[in-house]
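Please open the structure in a viewer and keep the sequence panel visible. The stops below each name a selection and then describe what is found there.

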Amino acid sequence: MPTSQHLAAQDLSARLDPMRQAAPLVHCLTNTVVQTVTANALLAAGAAPAMVDHPEEAGVFAGVAGGVLINTGTIAPHQVQSMPIAARAANDAGVPWVLDPVAVGFLPVRTGLAADLLELGPTAIRGNASEIAALAGMGEGGRGVDSVDSSEDAIPAAAELARRTGAVVAVSGARDIIVWVEEADGASSGEVRTLAIDSGSDLMPRVIGTGCALGALVAAYLASVAGEGPSARLRAAAVGAAHAHSSAAGRIAGRTHQQPGSFAVGWMDALSSLDAAALIDEVSVSEL
Amino acid sequence: MPTSQHLAAQDLSARLDPMRQAAPLVHCLTNTVVQTVTANALLAAGAAPAMVDHPEEAGVFAGVAGGVLINTGTIAPHQVQSMPIAARAANDAGVPWVLDPVAVGFLPVRTGLAADLLELGPTAIRGNASEIAALAGMGEGGRGVDSVDSSEDAIPAAAELARRTGAVVAVSGARDIIVWVEEADGASSGEVRTLAIDSGSDLMPRVIGTGCALGALVAAYLASVAGEGPSARLRAAAVGAAHAHSSAAGRIAGRTHQQPGSFAVGWMDALSSLDAAALIDEVSVSEL
Amino acid sequence: MPTSQHLAAQDLSARLDPMRQAAPLVHCLTNTVVQTVTANALLAAGAAPAMVDHPEEAGVFAGVAGGVLINTGTIAPHQVQSMPIAARAANDAGVPWVLDPVAVGFLPVRTGLAADLLELGPTAIRGNASEIAALAGMGEGGRGVDSVDSSEDAIPAAAELARRTGAVVAVSGARDIIVWVEEADGASSGEVRTLAIDSGSDLMPRVIGTGCALGALVAAYLASVAGEGPSARLRAAAVGAAHAHSSAAGRIAGRTHQQPGSFAVGWMDALSSLDAAALIDEVSVSEL
């Protein structure tokens, strides 16, 4: 039996208006393929983007941002330097930061980089099933990337990561999975909790950057609760709210758009027009 | 009393057809978040983009382009090298160039870089109120970035920059402000002129790159008057025309689009469909 | 008289469904201006993108991709290193790769780089008329870039490149030209074949990246025939199919969209919705 009430759709939708009121500045060190859509998704959802990745500037900016995203998609050599600097600066300033370990496990530079970043303690980790499995597999007792087909297959890997790092771990897919370790009296209770969020559209994976932009939305929602000295449960609600916001917008866009070009426009519009009531209508939320 | 007639909407709209006939090639050293929208905005408006920032190529290209944009948004180490090279090559070839000092003042590398670029004498400077204030504050007698809320608050800083550098200085915002020092018989008259342009849409700041793309349009319009050995007044008209073109397109798009995804598409369409008559209808222009 | 039947629209459209069934992963080392549109075009057409250009990762990924695109548009210093590494890894693994020599001929770094890449034997080369002429002009007996106005003007240069390298050479323009050297019994017959494809829209050059994304589609179609130990004729059909797919989508989009912002959305939609029957209807294919 969980030590606290289940998180429900209302707990997620309750994060929407506070996020928009905070309009957090999210500092994204992210891949160049998705910078534009990430910036536009933040603006549409109600947050604000900044992207500064020079090694002598990335830390300065991370220290004053509301939240930080580190996405390893298209690392250039100078970004490999900047990312740990930004993570340390975020930690020093109490700024939440999100690790999106794109393509980790197979490619050598980012795999080493992600291992280093994991040691620095991200507030949340977001990836697809293979990436979460690969990231979990780096540690002792890790599992490989075999047989990870759906986001649910990666729940054991996500749980291992959550226990090891204290991060809220999100596995994005047709069904989004959020895993965290519950706290009691501010300390880990050791109890692993798992939330499933169903919504979205089959067209989302056919538009580049919907997943990477979601990583930035996770940072925006975490930024908006950072001042509350958030419990693991509140952090999980923030991570879940970002997923619900993005996938609900996808579901809305998918109703009127059948092809990826116009769907991408509709998704952006819906990120902006969506309100808390619509969010509840468009998603199914259940603890597993 | 001004030494020459006030600039009016007709003086700005008169620059549109010549710019399209020249179809100037604008060489953009700009941030990776907005490269795509900048290139598309140039193409839609009637110019042509090129983006070459390797240190051994940027100068070669700047020397043959019609105009150059230098935007400090996401400087990588090799771009920090390339930008002064491009500015010098533009100067040597008589090619107008625009400085867009994104986030200058707070972040160390770009702040030093912008100071160096300022010494090289940009033809125009375009930024938001905080950036213009920060850039002005680098010199002697400079003012800080405090209490700069609207573009009008930055008029004194813009005037200081215009006097110090001879550049036309544009402060973009809900109201766009263009400041320049009048010339008489080809020499500075010392008289500071200030133009206000009102148009646009509340959705423009919710689409990434509308401001940065405007910097490229400024370079395109300056390129189209460069052959005329332009007076300060003609350069100001060119800078104003770029602002009027962009904000009029925003106003048109805002009439039919209420959300940022479709607004972005509509703005691009209107950059292309707009003609000189519509430009006059959609903007208010006044000298302050 | 050709040694084999002429390639017709049906030979091109017959490649569409197999490409979609293969859903090839295309590794793009391409310019940052067009990464987003390139990734979206691959996804819309039915392939999958990846963009990895760190020098220590680019080769690893090229060896496992279905196809590789190397586009010299905005080379950063680390990409100048990565591109030959990726080309060699593709060769070692039998992965087809495409060279898109953006702005080669005038700019020094990419011109040397393209010469090196040409030596490595691209499976296909795609460029506009000036780029193909410039690339051909690097070798002995080469011609300059003078008087190359239309894609047909570049046929002699394309033929020279095809003979010298064995690559299928595509000159994209209002009319697309595909040139290759016919094979008999698996060896070059020395006979140069030339295919013309007519379709498209005047708006295509007004949207950034339609040409660069086409380079990625060429890699996707080549990937989908790579397992067949393809003859030159089959490789030419694959390259032609990519051009037909892109330009047919442009023609469809141009029927309902008159401005570049909405045209870009419509082109992406049509890349996705197009089927083999529509492809035949929308293009004219003829051997010259």
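Begin in chain C by selecting Val26(C) and Pro49(C): Pro49(C), in β2(C), is the bridge partner of Val26(C). Strands here are DSSP runs (E, at least two residues) and helices are runs of H or I of at least four residues, both numbered from the N terminus; two strands pair if DSSP finds at least two bridges between them. The model is a predicted one, in which local features need pLDDT of at least 70 and side-chain atom pairs count only at pLDDT 80 or more, while totals for chains, interfaces and linings use all residues. Residues are numbered from 1 along each chain as its sequence is written, chains are lettered from A and ligands numbered from 1 in the order in which they are written, and side-chain values use heavy atoms, with hydrogens and water left out.

**The sheet of chain C**

Extend the selection to β1 (residues 25–29) of chain C, which runs parallel to β2(C) and is joined to it by three bridges. Both strands belong to an open sheet of nine strands with mixed pairing, in the order β2-β1-β3-β4-β5-β6-β7-β8-β9. The edge strands, each pairing on one side only, are β2 (48–50) and β9 (284–287) of chain C. From one strand to the next the twist averages 20°, taken between N-to-C directions on a scale from 0 to 180 degrees, with axes as lines fitted to C-alpha atoms.

**A strand in chain A**

Next select β4 (residues 97–100) of chain A together with β5(A); the two pair in the parallel sense over two bridges. Leu99(A) has Ile125(A) of β5(A) as its bridge partner. In a regular strand the side chains alternate between the two faces of the sheet. In β5 (residues 124–127) of chain A, Ala124(A) and Arg126(A) point one way, Ile125(A) and Gly127(A) point the other way, and all are buried. Buried means under 20% relative accessible area, exposed over 50%, and partly exposed in between (1.4 Å probe, protein chains only).

**Two loop residues**

Most residues other than glycine have a negative phi. Select Ala23(A), in the loop between α2 (16–22) and β1 (25–29) of chain A: its phi is positive, about 40°. Ala23(A) is partly exposed, with a relative accessible area of 37%. Then move to Ala103(C), in the loop between β4 (97–100) and α6 (108–119) of chain C, where phi is near 60°. Ala103(C) is also partly exposed, at 27%.

**The cysteines**

How many disulfides are there over all chains? The count is zero, a disulfide being a pair of cysteine sulfur atoms within 2.5 Å. Select Cys212(A) and Cys28(A): the latter holds the cysteine sulfur closest to that of Cys212(A), yet the two are 10 Å apart, too far for a bond. Cys212(A) is buried, with a relative accessible area of 13%.

**The cavities**

Finally, turn to the interior, where two cavities of 30 Å³ or more are counted. On a 1 Å grid over the protein atoms alone, a cavity is a set of points where a 1.4 Å probe fits but cannot get out, and lining residues have an atom within 4 Å of a point. Grid points are joined across faces, edges and corners, and a volume is the space filled by probe spheres set on the points. The largest cavity holds about 830 Å³. Among its 34 lining residues, Val265(A), Thr36(B), Asn40(B), Val265(B) and Val265(C) lie nearest its centre.

Definitions and conventions. 1 Å grid on protein atoms, 1.4 Å probe; cavity = no way out; pocket = protein on both sides within 12 Å on 5 of 7 lines; lining within 4 Å.
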